[in-house]
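Biologist: Could you walk me through how to read this model, one feature at a time? I will ask, and you can point things out.

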Amino acid sequence: MPDDSPSLSKYELAARKQQTRRNLLLCSPALIVLLLAASGPLLVMLFYSFLKSGNYGGVIYEFSLDGWLNVFLVRDIFDDVLKVADAHLSVFWRSIKLSAMTTFTCLVIGFPTAYFIATRPRESRNFWLFLITIPFWTNLLIRTFAILELIRNNGIVNNLLTDLHIIEQPIQMMYTDFAIMIGMTYVYLPLMILPLYASMEKLDFRLVEAAYDLYATRIRVLRKVIIPLIKPGIVAGSILVFIPSLGAFVTPRVLGGGKNLMLGNLIELQFGQGRNWPLGAALSITLLFIVMATLLLYVRYSQKGGVQHEQ
Amino acid sequence: MSSSIVSPKKLFSIYKLPGFTFIAITCFVMLYAPIMILVGYSFNEGSSLALWEGLSLRWYYSAWQNEAVKDATLLSLIIALQASLYSTVLATMAALGTTRTRAYRGQTAIYAMINQPLMVPEIVTAVALLIVFATIKQATGYQGLSFLVIAHTAFCVPFAYLPIRARLEDMDRSLEIAAADLYATPWRCFRRVTLPLLLPGILAGAMLAFVISLDDVVITEFVKSAGQDTLPTFMLGQIRRVITPEMNAIASALLAVSVLMVSLIFLINRKKT
Amino acid sequence: MTPIIRKSIVGLAMVAISGSASAAGELNLYNWGNYTNPELITKFEKAHDVKVTVTDYDSNDAALAKVKAGGHGFDMVVPSANYMKIWIDEGLLLETRPDQMSNFKNVAKDFNDPVWDPGRRYSVPWQWGTVGMIVDTSVYKGDINTSALFLDPPDELKGKINVPPEMNDVISAAIMYLGGDPCTTDKDLLRKVRDKLVEAKKHWLSMDYGMIEKFAGRDVAASLYWNGAGFRAREKNADVRFGYPQEGFALWMDSVAVLKDAKNADNAKLFQNFVMMPENAALISAFARYANGIEGSDKYMPEDMKNAPEIIIDPKLSGAGKFLLACSPRATEMYTAIWTELQK
């Protein structure tokens, strides 16, 4: 990426080098902490994925590819035939589907909310922002149980609807995919709203005004002016919601009844009752690759967009 | 719809998009409905989360009496405060080093590394940290809180980083350039110009980090040493039996404190302006 | 920002101070969450001038992984019977010889020489119980002493059944229902187990914990679950009964053992001897609502537990109870495959 084009003067080159050094210096404290407590330990996992599984959890220090093989292929326990691990694939697919739906719902609800906050008078914006985060001061489990209380068959929503004679029989909401969606949206909503707000707050409303002056409709203004300007916020929010929901397992278990595994549960099973650490390690690194690839695409895409925007 | 834009009230209407306010209000109602329930049930006489048996302060009293609950709450707050502070500082620096700059070698790698805690399910980081930290704990004999603070700081960094970066990316350079032209030192320029402009992003990042740290279960469960139960791990231990209504009481009390804090900040801000 | 730093430093100091109270000795107990009676701890602290710290875990596997990794600072742990052999074989436990302690005479005959710790050389009974069927009899009037309620469910219960997310308990129950032994690796039988579970799952509402609340709110009408929870559910919903599947049901026992790398091994041994006293064992039971395996403790038990049908197994059915032990790695591998298939 460094462009050593001959047209640059020595002075400019030195200035650039200095800038790069400054950048690296600024990043290094964060990188050191992450190396110690996030990326470094992950190397341990990579190493473990190539080892043999210990009898009762843990690993035996012998090289083996079984962990990786088992991600996509399983030896059938009944007739010893190697076949595609369809159970793993369907868990992958379910997790991706539910996470995408959650991200979308968060965006649909979070965008107007962030917009609403960003258009409040300056001095009251922080207040609204705090209002968003306050519910999240209470523990995740407690919040999830409270949602359960709302949507139970004899819960408040169903009782209210039957008392108002809108429905005859309680609607089964608890233990459905709908419940998981509601729950995950609830849990991850601030992760969408806060980055959206951070970009919207900067939004130059003169541009919006100018668009109106040119007789653009509201939808057009939204699509052609507002959304492109706050794209970094949308990208950041979507990443923050999508990726953690891929690995979520408390909400699916409590609200969805835990009948179907999510990726997080599948990996946890291997490190827990399943006692197959290498498979657990291989599964998580597979997940990491998928996410990383998507993310890199995003970065490339948003950088290109950024350059065009500047010109 | 389009008739309103030529109306004289145009300046006000540009802020409003149809349906947005309605969705926003609905969103706030939705956010607070479960919270109202949990506050309500914290005053329940019975030990159930599902059956109302009358008004009582019993669970507040018993939570206050319960040393384990008090210790866990205090520890959760201490860790969350430290982790959110450290991670926000680190994330702000990293954001300054990765945005609004000419692309340099390794920038993508740095970006990937900062966001890495987001991409790995917690259980994986947890098991890996257990192995690494256990080795350190054995070698040094030190088993203090720092391990938890470092682990929390690490996974809070991306949560703090993304809003700050988003804010920074949209920020106008011209003010800073003007300041530099007026011979402000880089540090002065940063403090007087960049930082104030960046503050909403930093605030959003810090709040996210705080909340994320406060909620963490899995990593804490694997990193904690003897006597280091936080509120979430304390609750995790109860999940197979009964989650006592003491938890509702604690949650409501924390909520009351945070509401009080917010109101105070709000009032102070008001006086200033 | 400085006030925040100052506050957190003050807070840290407070924790450090409260952690090092003035007691002569220390003891770090690593136990299941919400399982240790604070009264028991206070009593022990007063009797022996020892400061006890209790830290929680939520699963046998988490506790095992953590202690195996080292550097944890715990002195005692409370593993279940089906994990005890692993703890012993991996060399994690200290051989404290509880069988030679003064209070060992109080241990009930059934538990003084168990398969998982022959001769009680390592561990002391904490609590024991059963895995059976909790049933809301206002929904289902038939015989509740059978696993058919969740494996071949009657029409009244369809769509109202819960099964706990516990691989070993669920698969063992299904194996016993189909006439096998827990931990079997018999392929023909396991194939039937898989088919039975996959078929039955269509009628399940959930695979979840928290059943006391669910029965209280009448969201669930039948569940494979633990007896102590059945007892508590009955307190909140008078129609609830606990059934012991005649095809075979699992028994479990958690026992207190001392870790090999314990810093306070002497205090830990005192604690082992301490919980074998009937009045102390009764304190444990009064809190978590399970039986304890100490002879003579019933005298000190809460009134409501003395004759509770969830605690005292119906003698006609007690023969069907089997202790779950550690399964072979091959069996675990097969069960994990079935479990994943079931939840895919």
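Biologist: In which loop of chain C does Arg97(C) lie?

Modeller: Happy to start there, keeping in mind that this is a predicted model. Arg97(C) lies in the loop of chain C between α4 and β4 (123–136). The backbone is worth a look: phi of Arg97(C) is near 50°, a positive value in a residue other than glycine.

Biologist: Is Arg97(C) buried or partly exposed?

Modeller: Count the C-beta neighbours. Arg97(C) has 14 of them inside 10 Å, so it counts as partly exposed.

Biologist: Which residue of chain A, not a glycine, has a positive phi of about 65°?

Modeller: That is Tyr175(A), found in the loop between α6 (156–163) and α7 of chain A. Tyr175(A) is buried because 27 other C-beta atoms lie within 10 Å, and 20 or more are enough for that class.

Biologist: Let us go to the whole of chain C. How many helices and strands does the secondary structure of chain C come to?

Modeller: There are 13 helices and 10 strands in chain C. To judge the overall shape, set the radius of gyration beside the globule rule: chain C has 22 Å, close to the 20 Å given for 344 residues, so chain C is as compact as a globular protein of that length. Along the principal axes, its C-alpha atoms fill a box of roughly 60 × 60 × 45 Å. Of the 344 residues, 56% count as buried. Contacts add to the picture: among those in chain C with a separation of 6 or more, 74% join residues 24 or more positions apart.

Biologist: What domains does the assignment of chain C give?

Modeller: Domain 1 covers 22–128 + 253–306, and domain 2 covers 131–251 + 316–342. Their C-alpha centres lie 28 Å apart. Where the two domains touch, 11 residues of domain 1 of chain C are in contact with nine residues of domain 2 of chain C. Helix α4 (residues 81–89) of chain C gives the most to the domain 1 side, with five residues. By class, that side has eight nonpolar, one polar and two charged residues.

Biologist: Now between chains: how many residues of chain A are in contact with chain B?

Modeller: The size of an interface is often given as the accessible area lost when the parts come together. Here we can count residues instead: 87 of chain A are in contact with 96 of chain B. On the chain A side, helix α1 (residues 10–48) gives the most, with 21 residues. The residues of that side divide into 61 nonpolar, 17 polar and nine charged.

Biologist: Which residues have the most contacts inside the largest nonpolar core?

Modeller: They are Tyr197(A), Leu129(B), Leu130(B), Met76(C) and Ile134(C), in a core of 285 residues. Helix α7 (residues 177–200) of chain A supplies the largest share of this core, 16 residues. Take Tyr197(A) as an example: beyond its neighbours within four places in sequence, it is in contact with Ala114(A), Ile117(A), Ala118(A), Leu129(A) and Ala204(B).

Biologist: Where in chain B is confidence lowest?

Modeller: Where pLDDT is low, the predicted coordinates should not be read in detail. In chain B, confidence is lowest in helix α1 (residues 10–13), at a mean of 46, and highest in helix α4 (residues 67–98), at 92. Over residues 1–12 of chain B, pLDDT stays under 50, and the model has nine contacts beyond four places in sequence for them. For chain B as a whole, the mean pLDDT is 82, with 88% of residues reaching 70 or more.

Terms used: Residues numbered from 1 in each chain as written. Chains lettered and ligands numbered in written order. Predicted model: local features only at pLDDT ≥ 70, side-chain atom pairs only at ≥ 80, totals over all residues. pLDDT = per-residue confidence, 0-100. Helix = DSSP H or I, 4+ residues; strand = E, 2+ residues; numbered from the N terminus. Contact = placed C-beta atoms within 7 Å. Core = buried A, V, L, I, M, F, W, Y, C linked by C-beta atoms within 7 Å. Buried ≥ 20, exposed ≤ 12 C-beta atoms within 10 Å, placed from the backbone. Nonpolar A, V, L, I, M, F, W, Y, C, P; charged D, E, K, R; others polar. Domains from an automatic or database assignment. Rg over C-alpha atoms; globule rule 2.2 N^0.38 Å.
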